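Got the model loaded and a selection box ready? Let's take a walk through it, one selection at a time.

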Amino acid sequence: MLVSDFSRDDLIRYLKTTGIGIEIGGFWFQITSPIDDVSDHIIKLYPDAPCQLRRVFIDFPIEVRPVSGLRRWFKPLAEFVFNGSVPFTPLPIDQSPALLEWGINWCISAHVQTHLILHSAVVEKQGNAVILPAPSGSGKSTLCTALVARGWRLLSDELTLIDVSSGLVRPLTKPISLKNESISVIESFWIGSVRGKLCTDTVKGCVTHFKPPKDSVLASHEMAKPAMVIFPRFVVDSEVLIEPVDKGSAFIDLVDNAFNYHVLGQQGFHTLHRLLNTVDIYDFQYSSLDAAIIEIERRANDPS
Amino acid sequence: MTPHNSVVLCRLLTGQVAGYELSLAEWNTTIQLARSANVLGILYHRLEEKNGLLAIPDVVKWHLSSAAIIADKYKRDARQEVERLWPVFHSRNQPLILLKGSAYVLADRPFAKGRTFSDIDILVPKVDLTYIESQLRWLGWGSAHHSEYDQRYYRKWMHELPPLVHAKRGTVLDLHHTILPLTASLKPDGAKLLSDAQAFSDQVSTLSPIDQVLHTATHLFMDSEFDHAFRDLLDFDGLVREMDAGDAEWELIVQRAHVLDLVPPLYYAMRYSRLIFNTPISEASMSRVSGFWQPKLGDRIMDWLFMSVLLPPHQEFHSSAKGYLSNKMLFIRGHALRMPLHLLVRHLAFKAFIAPFIKDKKKSA
């Protein structure tokens, strides 16, 4: 069953009571939430995700719920609960959808040590995965969304999972998080895109999430072979500039970019080493999304 | 003993049940409980020891192996910290004496394989505290508790300095000079623990095997918080099993507990370790310890209070009235054991009424 196979009323009822199992990137989350914004978010942005009412084995039991006590009446807050504990500070209740998404990302980045996890977007076309690592604000999510809007498969906008035993990228296909100016940029660039509620005044500014294409969600069990690592940088009014990066400095940048390089120890080193030996690596500066996509597709089809 | 939903986890940990015997539904509960009790990494190694990992479904296995990888990182980090720390102690002709988790792990104790720990605990003679603390400052260790009240609270009444946090690495050190607050009703002599400490490598020592057993029990049953109670009791079980203690050894342990004024926590640890982990402790040894001391309220009431907080925390329990009540009552008990009433009232009153205003003043300044 997929989320969209359930009626809206049933889904809301399950979310409010027993919780419901939803598969995200091969991991099963048991999601419970009495908050309407959360059920709306799931119904609107996760329609194509596999869903089970009574999944026997759950990887991550999670809940987004209002903080109890007096705060219910005065500036109410919502908290993210994982396995009975609250790993981070509650947020204003109207930011619940963002809290859910951040919580899901945290579950994976804090617990999955079978993969080297990079803080980067990753997309794939014709068997070639392109990894886009960059700090927040560099435009990596915008570029990733633009590529997805033009037919690339979304693997992740946020977490690139590289299997330490195979070196392949594991998809973690879930809604794409965009913030501030990039929201309107993508709305006009991606005709027919579906987005969730705007969460204003978060620590990252105004945040919302875009529904991933159905094909990407349905292919979320297909691993992808990394072909390129591109460090994107959005610079206003700039031409497209692309230049190769040497492996040594890319290695250092990716160590800083990884969530668990140090946790993995030797495995982390070997995984990163193997990755950099199999990909072309570029620094990439752009302002026009169309021009950026043309350049990336040219490099992907004809690696130098 | 009433059945509880941690039975399968307890039996897996002590090898009474094998991994292949579990259904997927049992694994679901077990993984969640083991995670909330912080023993997933330990469980990985105990199953591996018995070649029990092969029979476990892949969807389950990665939870265990990931936890073991994280535990391994703790071990590497602790080893590096010890490399930096031991010269400070040796320059004073003092051994570096580790306590609890980091000691078990760095001494490669089989029962502690895969164990994590939140800080590195060190035992220092009281006379050397000031010197060691000042030397550690040069290496980047500073106090995380800035308020004057907290500093005085620790230095005057507690058995340890305020936790030291490394400015760059964020590692936390606890410098102890004894194992119970100076204000506690029981008065173990830190000097006796120090003089019996034993080296386990060129640089590092820890308490004698018997004192380790007593310290684990004391840490667990004289405290007011039970977040790590299940794992600490599992330490006790592991220490006892590795010691292979028969009645003669138990006689020595009970005697030592008597000398150090630690019989009550030993009694509880023996009782609940037997109940929960089936730890091999004979009736004769139990009556030896209960000959010295028994709980005033009787076992039934204490069982009611302790069993629920010793088992891994899980959601239904925390929201239940019983869970709430036993946690609160044991919180009060823990504080009462650690401080006489007049000090306790003073301390809690300060924390409730004065401390919040001091913080606010600093923020607005």
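The tour below goes from whole chains to the contact between them, then to helix pairs and single residues.

**Stop 1: chain A**

Keep in mind throughout that you're looking at a predicted model. Select chain A and switch to cartoon: you should find 10 helices and 18 strands. Its C-alpha atoms fill a box of roughly 60 × 40 × 35 Å along the principal axes. The radius of gyration is 19 Å, in agreement with the value near 19 Å for a compact globule of 304 residues. Colour by burial and 45% of those 304 residues count as buried. As for how the chain folds back on itself, take the contacts between residues at least 6 apart in sequence: 72% of them join residues at least 24 apart.

**Stop 2: chain B**

Now switch to chain B, where the cartoon has 17 helices and seven strands. The radius of gyration of chain B is 21 Å, close to the 21 Å from the globule rule for 365 residues, so chain B is as compact as a globular protein of that length. Its box, again along the principal axes and for C-alpha atoms, is roughly 60 × 50 × 45 Å. Here 40% of the 365 residues count as buried. Contacts with a separation of 6 or more are 67% made up of pairs 24 or more positions apart.

**Stop 3: where the chains touch**

Show both chains and select the residues in contact across them. You'll pick up 21 residues from chain B and 15 residues from chain A. Which elements of chain B each supply at least two residues to its side? Highlight α2 (24-36), α4 (58-90) and α15 (315-319) of chain B, and you have them. Linger on α4(B), which gives the largest share of that side, 10 residues. Colour the chain B side by residue class and it splits into nine nonpolar, eight polar and four charged residues.

**Stop 4: a roughly parallel helix pair**

Stay in chain B and select α11 (residues 247-260) together with α13 (residues 283-292). Their axes come within 9 Å and cross at roughly 15 degrees. An angle under 35 degrees counts as roughly parallel, so that is what α11(B) is to α13(B). The crossing of the two is right-handed.

Turn on side chains for the residues that make this contact:

- from α11(B): B:Asp247, B:Trp250, B:Glu251, B:Val254 and B:His258
- from α13(B): B:Ala284, B:Ser285, B:Arg288, B:Val289 and B:Phe292

By class, that gives five nonpolar, two polar and three charged residues.

**Stop 5: a roughly perpendicular helix pair**

Next, select α10 (residues 229-243) and α12 (residues 263-277), also in chain B. These pack at an angle of about 90 degrees, with their axes 10 Å apart. α10(B) and α12(B) are therefore roughly perpendicular to each other.

The residues to show this time:

- from α10(B): B:Leu233, B:Leu234, B:Phe236, B:Asp237 and B:Val240
- from α12(B): B:Ala269, B:Tyr272, B:Ser273, B:Ile276 and B:Phe277

Colour these by class and you get eight nonpolar, one polar and one charged residue.

**Stop 6: A:Ser33**

Back to chain A. Zoom in on A:Ser33, in the loop between β2 (27-32) and α2 (36-45) of chain A. Is A:Ser33 buried or exposed? It is buried: 27 other C-beta atoms lie within 10 Å, where 20 or more is enough to count. Leave aside the neighbours within four places in sequence, and A:Ser33 is in contact with A:Leu15, A:Val38, A:Ser39, A:Glu63, A:Val64 and A:Arg65. Try a distance label too: A:Ser33 and A:Thr17 are 16 residues apart in sequence and 8.0 Å apart in space, C-alpha to C-alpha.

**Stop 7: two positive phi values**

Most residues other than glycine have a negative phi. A:Asn180 isn't a glycine, yet its phi is positive, about 50 degrees. Look for A:Asn180 in the loop between β13 (176-179) and α5 (181-189) of chain A. With 13 other C-beta atoms within 10 Å, A:Asn180 is partly exposed.

Last selection: A:Asp237, another non-glycine residue with a positive phi, near 65 degrees. A:Asp237 sits in the loop between β16 (225-234) and β17 (241-244) of chain A. A:Asp237 is exposed, with 6 other C-beta atoms within 10 Å.

Terms used. Residues are numbered from 1 along each chain as its sequence is written. Chains are lettered from A and ligands numbered from 1 in the order in which they are written. This is a predicted model: local features need pLDDT of at least 70, side-chain atom pairs count only at pLDDT 80 or more; totals for chains, interfaces and linings use all residues. Two residues are in contact if their C-beta atoms, placed from the backbone, lie within 7 Å. Helices (H or I, at least four residues) and strands (E, at least two) are DSSP runs, numbered from the N terminus. Ala, Val, Leu, Ile, Met, Phe, Trp, Tyr, Cys and Pro count as nonpolar, Asp, Glu, Lys and Arg as charged, and the others, Gly among them, as polar. Axes are lines fitted to C-alpha atoms, for helices over the stretch in contact, and angles run from 0 to 180 degrees between N-to-C directions. Angles under 35 degrees count as roughly parallel, over 145 as roughly antiparallel, 65 to 115 as roughly perpendicular and the rest as oblique. A crossing is left-handed if the near helix is turned anticlockwise from the far one by less than a right angle, and right-handed if clockwise. The radius of gyration is taken over C-alpha atoms; the globule rule is 2.2 Å times the number of residues to the power 0.38. A residue is buried if 20 or more other C-beta atoms lie within 10 Å of its own, exposed if 12 or fewer, and partly exposed in between; C-beta atoms are placed from the backbone.
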